[in-house]
Amino acid sequence: MKYISTRGQAPALEFADVLLAGLASDGGLYVPEQLPTFSQEEIASWAGLSYAELAFKVIKPFVDTCIDDADLKRMIDETYAGFNHSAVAPLKELGTNEWVLELFHGPTLAFKDFALQLLGRLMDHVLAQRGERLVIMGATSGDTGSAAIEGCRHSEHLDIFILHPHNRVSEVQRRQMTTILADNVFNIALEGNFDDCQQMVKDSFADQAFLKGLKLGAVNSINWARIMAQIVYYFSAALAVGGPHRPVAFSVPTGNFGDIFAGYLAKQMGLPISQLVVATNRNDILHRVISGNDMSKGELVHTLSPSMDIMVSSNFERLLFDVYGRDGGAISELMDRFKKEPVQLDSARWEKVRELFDSACADDETTCNTIAQVYADTGYLLDPHTAIGVKAARECWRDKSVPMITLATAHPVKFPEPVVKAGLESPQLPEHLHDLFEREERVEVLDNDIAAVQAFIASHVHRD
Ligand SMILES: *Cc1c(COP(=O)(O)O)cnc(C)c1O
């Protein structure tokens, strides 16, 4: 299978190259040239499979011949064996036809583990085959960093450097990163904010001379392999509630549009999904585009659901590419304009987006109220991101005879503040993290100075 760029200029690549490349050389994002599709009968035949077996069926066509079946199977098995629930992605019933899909049983308690646990293994495998090394550099405001570090800590051909804003991530999130003492893992606490971290990563990708021959790789959701791994749980959830013979609806707490884009792909691949709800917090660019054709950046607001605090949803470009008939020139032009000013989609394209997605947004107060109300009604504790998903699901649910599944993207213990604000007791850390607050930490505090950061990286990378 070949992958092409949403901006139409970069060369088409195989899976293994897309895996290591991240962003395309024309500034676009890679997508499959052609999606695999599955018949209803084939999907129905997967009903008895384990999560890992199902993942192999869904992922195999995307990886194609780049990795041997036996190796791919082994990596998928290892990935999901590391989750703390036998169902990997269990469903919990909140009410009649109302479900949450718990995606927080991985090592860092957020859905990002589904993709990053596999990504680290896939990258390591391809690098070993090629006899190459790669340097992962990423910025995090919390969840991505810990999941990426957990995903790469055992990789022999990768060093990973994660920048977080010093004193501006929660203690659980910081400790999930800094207590990983593997010798290929480096945490940098930058004396700056998240934007400073991100800018530094961006500038380093643009000029990699400081690495003296080594190359940088990306683990953010522009990496295609992350989207790929996330398609699987839409299939597993649908099968669990009676699909594919019965349609299902999903509501997805959304930031960068990676997770819900995987749901859109599942639908294109043949899974009967009747509704996809984009749930945002006050950083609502996606809700504004979908409901009012207003694609403008707005101001960044810090909310109680920090993993959805974004001004621009980078994966939305992948959807626009489809909606614009896969015209890379048109996307290139649109994204260039969007860099400078607010844009509108032309009306026929916008109608298409509206046919595909519903949307709703919730502020902090609504988030806390939803946590409190759902707990009072059902005894089930939602994390703030998931609460926004449940709220949006209830607002947008068109046909109550269709199961509505909200993706529970994080464990509530990661975000105690809104839980306490909702008047509830903050939950306990799960067993495998019970001593997190006693573990040794390793972190380098550095000035907000790119030369200092690059010098630190250059002097700590491993070279063969
Ligand atoms: C990353 C994240 C999201 C947003 O996912 P996107 O793929 O960026 O839309 C939502 N909730 C949690 C807990 C996250 O960590």
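How far apart do the end C-alpha atoms of residues 2-80 lie, and what share of the span is helix and what share strand? In this predicted model, the end C-alpha atoms of that span are separated by 27 Å, with 47% of the span in helix and 8% in strand. Residues 2-80 carry the UniProt annotation "domain: Threonine synthase N-terminal", which comes from an unreviewed entry.

The ligand environment was examined next. The ligand is surrounded by 15 residues, of which K112, D143, G255, N256 and T409 come nearest. By class, this shell consists of seven polar, five nonpolar and three charged residues. Polar backbone atoms of two glycines face oxygen atoms of the ligand: for G255 the distance is 2.8 Å, and for G258 the distance is 3.3 Å. A nitrogen atom of the ligand, in turn, lies 2.9 Å from a polar side-chain atom of T409. The protein buries 96% of the 390 Å² that the ligand exposes when taken alone. G255 and T409 thus appear both among the residues that come nearest to the ligand and in the polar pairs described above, G255 through its backbone and T409 through its side chain.

Two cavities of 30 Å³ or more are present in the structure. The largest has a volume of about 70 Å³. Its lining is formed by I285, L286, V289, M295, V312, S313, F316, E317, L320, M335 and F338. At least two lining residues are supplied by each of three helices, namely α11 (285-292), α12 (316-323) and α13 (328-340). In terms of residue class, nine of the lining residues are nonpolar, one is polar and one is charged; S313 is the polar member and E317 the charged one.

The second largest cavity holds about 40 Å³ of space. V31, P32, L35, F261, L265, R318, D322 and R326 make up its lining. Two or more of these residues are given by each of β2 (30-32), α10 (258-268) and α12. The lining has five nonpolar and three charged residues, and no polar residues. The charged members are R318, D322 and R326.

Helix α12 contributes to the linings of both cavities, supplying at least two residues to that of the largest and two or more to that of the second largest. On the side of the largest cavity, the lining includes F316, E317 and L320, whereas R318 and D322 are among the residues that line the second largest cavity.

How values were computed. Residues are numbered from 1 along each chain as its sequence is written. This is a predicted model: local features need pLDDT of at least 70, side-chain atom pairs count only at pLDDT 80 or more; totals for chains, interfaces and linings use all residues. Side-chain values use heavy atoms; hydrogens and water are left out. On a 1 Å grid over the protein atoms alone, a cavity is a set of points where a 1.4 Å probe fits but cannot get out, and a pocket is an open set with protein on both sides within 12 Å along at least five of seven lines; lining residues have an atom within 4 Å of a point. Grid points are joined across faces, edges and corners, and a volume is the space filled by probe spheres set on the points. Helices (H or I, at least four residues) and strands (E, at least two) are DSSP runs, numbered from the N terminus. UniProt positions are given in the numbering used here, feature names are shortened, and annotations may be inferred rather than shown by experiment. A residue is near a molecule or strand if one of its heavy atoms lies within 4 Å of it. A polar contact is a pair of N or O atoms within 3.5 Å; within protein, one must be able to donate a hydrogen and the other to accept it, and residues adjacent in sequence count only if both atoms are side-chain atoms. Accessible areas come from the Shrake-Rupley method with a 1.4 Å probe; for residues, only the protein chains shown count as cover.
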